[in-house]
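Student: I have a model open on my screen and would like to learn how to read a ligand site and a pair of helices. Could you walk me through it?

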Amino acid sequence: MPLKNGNELLLAAKAGVYAVGAFNVNNIEQTTAVLEAAAAECAPVIIAVTEGAIKYAGEEFFFSAVPRMAAASSVPVAVHLDHGKKFEAIVRCIRGGFSSVMFDGSALPFDENVAKTKKVVEVAHAAGVSVEGEIGVVGGSETGVEATAAEATMTEPADAARFVELTGVDSVAVAVGTIHGMRKQTAKLDLDRISAIAASVPVPLVLHGASGVPDELYPQAISRGICKINIGTELQKSFTAGVRRFLETNPDVIDPRKVLRPGVDEMKDMVIKKIRLFNSVGKG
Ligand code: 13P
């Protein structure tokens with residue numbers, strides 16, 4: 001089916017009390033893993049692409065192949081720029097066929113974050129592309145902020161309300177206890193903060209750094225208003241574990257298709273596990 005605008009997916013998730021997984025990919029194998037998992041579970045998904053991923057695999061891949069692979073899927077898929085920081089790079093993604101973009105001005109002073117996010121909203125909305133903003137700082141490897149600083153920059157509900165009203169964003173990423181890049185599921189979510197923010201803003205809420213969230217907390221976060229959950233680190237871990245295990249037992253195999261497929265399979269299993277935890281099975 002045609003590529004979906006991010007907003008369409010998230011408004012349906014908000015109404016249906018489930019979350020759409022935004023899964024980070026860097027190459028064709030990881031894109032295949034996400035799309036196969038989504039089709040298997042009949043779930044909507046967001047293919048999340050960072051500026052770093054585009055630098056790695058190239059604009060030709062992400063602007064031509066990926067939107068076409070997504071549109072060839074039997075389930076609703078959005079292709080989304082994750083943590084866009086440069087206006088020019090965001091515009092290139094919009095022109096390149098992405099259906100959703102994030103502007104991450106979370107490290108900027110409030111007024112500057114608002115002004116820059118608003119500029120992205122104007123350009124993106126004119127092209128029918130939805131926009132995610134961020135208020136508060138999630139921290140960790142995406143932003144270069146030390147993990148210990150995360151607590152100090154949790155999102156204030158009143159700030160989120162003003163930010164959404166002033167910028168016109170379609171969804172907002174909030175800092176509620178996660179940190180990007182956690183390899184263990186030990187994050188402590190501030191569930192009451194999620195509820196308070198959800199009561200203050202009309203748009204869907206986004207949880208970043210969600211690899212660190214214990215499985216049992218995903219449904220609670222969703223019931224309190226999280227509609228999009230970003231997973232990156234867990235997928236890198238599972239993909240690499242699959243490849244590593246295969247090579248350990250098959251050191252003589254040199255065909256990259258045989259070496260990489262176990263990585264696809266292991267990552268696909270992880271995406272399926274998350275889709276089930278996010279209650280998005282059958283919502284595609
Ligand atoms: P993790 O790598 O911690 O799962 O975070 C992913 C993310 O939030 C991407 O925006």
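Tutor: Gladly! Keep in mind that this is a predicted model. A good way to begin is to sort the residues around a ligand by class. Here the shell around the ligand has 10 polar residues, two nonpolar and one charged.

Student: Which residues are the closest to the ligand?

Tutor: Of the 13 residues that surround the ligand, the closest are Asp82, Gly181, Gly209, Ser211 and Thr233. As for secondary structure, strands S3 (77–84) and S8 (226–231) each supply at least two residues of that shell.

Student: Where do polar atoms of Gly181, Gly209 and Thr233 lie relative to the ligand?

Tutor: Look at backbone and side chain separately. On the backbone side, an N or O atom of Gly181 lies 2.8 Å from a ligand oxygen, and a polar atom of Gly209 is 2.7 Å from an oxygen of the ligand. Thr233 uses its side chain, with a polar atom 2.6 Å from a ligand oxygen. The protein covers 96% of the 310 Å² of accessible area that the ligand has on its own.

Student: And how do helices H6 and H7 cross?

Tutor: For a helix pair, check distance, angle and hand. The axes of H6 (residues 110–126) and H7 (residues 157–167) come within 9 Å and cross at roughly 35°, and the crossing is right-handed.

Student: Which residues of H6 and H7 meet?

Tutor: Phe110, Asn113, Val114, Thr117, Lys118 and Val121 in H6 meet Asp159, Arg162, Phe163, Leu166 and Thr167 in H7. By class, this contact has five nonpolar, three polar and three charged residues.

Key: Residues numbered from 1 in each chain as written. Predicted model: local features only at pLDDT ≥ 70, side-chain atom pairs only at ≥ 80, totals over all residues. Heavy atoms only, no water. Axes fitted to C-alpha atoms, helices over the stretch in contact; angles between N-to-C directions. Helix = DSSP H or I, 4+ residues; strand = E, 2+ residues; numbered from the N terminus. Left-handed = near helix turned anticlockwise from the far one by under 90°. Contact = heavy atoms within 4.5 Å. Nonpolar A, V, L, I, M, F, W, Y, C, P; charged D, E, K, R; others polar. Near = heavy atom within 4 Å. Polar contact = N/O pair within 3.5 Å; in protein donor to acceptor, adjacent residues only side chain to side chain. Areas by Shrake-Rupley, 256 points an atom, 1.4 Å probe, with all protein chains shown as cover.
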